[in-house]
Amino acid sequence: MLNIKIEVKMKIAIPTKNNRVDAHFGHCQYYTVFTVDEKQVTAREIIPSPQGCGCKSEIATTLKRIGVEVMLAGNMGNGAINKVTGAGIQVVKGCDGDVDMLIRSWLNGEVKDSGTSCDHHEDGHQCIH
């Protein structure tokens, strides 16, 4: 009998500022993209954030093109959520803290979507948690 190991790799993006989850997806400094395999991180890369508002850029398409399947975000407006999910990326809102600790929590099954979004993004206000 052959012993075949099936490896599942996934890429997860986190809007980041100073190695912490940036609460405002559209204006983060960069995106930290983790490649995970089973229950461990196998790679980490930094994707520069586009100038201006992320929800009006092609960042969702760029992230999907490099294989991102999940975004762990602080909070996002409905327009940004639609753009990212429209690119085929699952969004998990309500995340915060150090990105390395967050990815460990994700791998341990401890991260859940908050179910809330920023509903007044369009008028220039930021969400406060």
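## Exercises on a predicted model

Among contacts in the protein chain between residues at least 6 apart in sequence, 53% join residues at least 24 apart. The model you are looking at is a predicted one. Take the exercises in order, and keep the structure in view.

### Exercise 1: the elements

**Task.** Find how many helices and strands the protein chain has, and in what order they run.

**Solution.**
- Step 1. Count the elements: there are three helices and six strands.
- Step 2. Now read from the N terminus on, and the order is β-β-β-β-α-β-α-β-α.
- Step 3. For the surface, the accessible area of the protein chain is about 7,500 Å², and carbon and sulfur atoms account for 50% of that.
- Step 4. As for the inside, 43% of the 129 residues in the protein chain are buried.

### Exercise 2: the largest nonpolar core

**Task.** Work out which residues of the largest nonpolar core touch the most other members, and which elements each supply at least two residues.

**Solution.**
- Step 1. This core has 18 residues, and those touching the most other members are Phe25, Tyr31, Leu63, Met71, Met76 and Val84.
- Step 2. At least two residues of the core come from each of strand 3 (30-37), helix 1 (59-65), strand 5 (68-72) and helix 2 (78-86).
- Step 3. Pick out Leu63 and set aside its neighbours within four places in sequence: its contacts are then Ala13, Tyr31, Val33, Ile47, Val68, Met71 and Ile89.
- Step 4. Another core lies apart from this one; it has 15 residues, including Val92, Val99, Leu102 and Val111.

### Exercise 3: the two sides of helix 2

**Task.** Decide which residues of helix 2 are buried, and explain why they line one face of the helix.

**Solution.**
- Step 1. Ala80, Ile81 and Val84 are the buried residues of helix 2.
- Step 2. Look down the helix axis: these buried residues of helix 2 fall within an arc of 100 degrees, so they line one face.
- Step 3. A general rule helps here: an α-helix has 3.6 residues a turn, so residues three or four places apart point the same way.
- Step 4. Turn to the other side of helix 2, where Asn82 and Gly86 are exposed.
- Step 5. The cover over the buried residues of helix 2 includes helix 1, strand 5 and strand 6 (90-92).
- Step 6. After helix 2 comes Gly88, with a positive phi near 90 degrees.

### Exercise 4: the loop between strand 1 and strand 2

**Task.** Find the phi of Asn18 and the phi of Asn19.

**Solution.**
- Step 1. Asn18 sits in the loop between strand 1 (9-17) and strand 2 (20-21), and Asn19 is in the loop between strand 1 and strand 2.
- Step 2. Phi is near 55 degrees for Asn18 and near 65 degrees for Asn19.
- Step 3. Most residues other than glycine have a negative phi. Asn18 has a positive value although it is not glycine, and Asn19 likewise has a positive value without being glycine.
- Step 4. Asn18 is exposed, its relative accessible area being 54%.

### Exercise 5: Asp22 and Thr35

**Task.** Establish whether Asp22 is buried or exposed, then do likewise for Thr35.

**Solution.**
- Step 1. Asp22, in the loop between strand 2 and strand 3, is buried yet has no salt bridge.
- Step 2. The nearest side chain of opposite charge to Asp22 is Lys17, 5.4 Å away, while a salt bridge needs the charged atoms within 4 Å.
- Step 3. Beyond its neighbours within four places in sequence, Asp22 has contacts that include His27, Cys28 and Gly74.
- Step 4. Thr35, in strand 3, is buried, with a relative accessible area of 10%.
- Step 5. With neighbours within four places in sequence left aside, Thr35 is in contact with Met10, Lys11, Gln40, Val41, Thr42 and Ala43.

Notes:
Residues numbered from 1 in each chain as written. Predicted model: local features only at pLDDT ≥ 70, side-chain atom pairs only at ≥ 80, totals over all residues. Heavy atoms only, no water. Core = buried A, V, L, I, M, F, W, Y, C linked by side-chain atoms within 4.5 Å. Buried < 20%, exposed > 50% of the residue type's maximum accessible area, 1.4 Å probe, protein only. Helix = DSSP H or I, 4+ residues; strand = E, 2+ residues; numbered from the N terminus. Contact = heavy atoms within 4.5 Å. Areas by Shrake-Rupley, 256 points an atom, 1.4 Å probe, with all protein chains shown as cover. Arc of directions from axis to C-beta. Lys, Arg positive; Asp, Glu negative; His and termini not counted.
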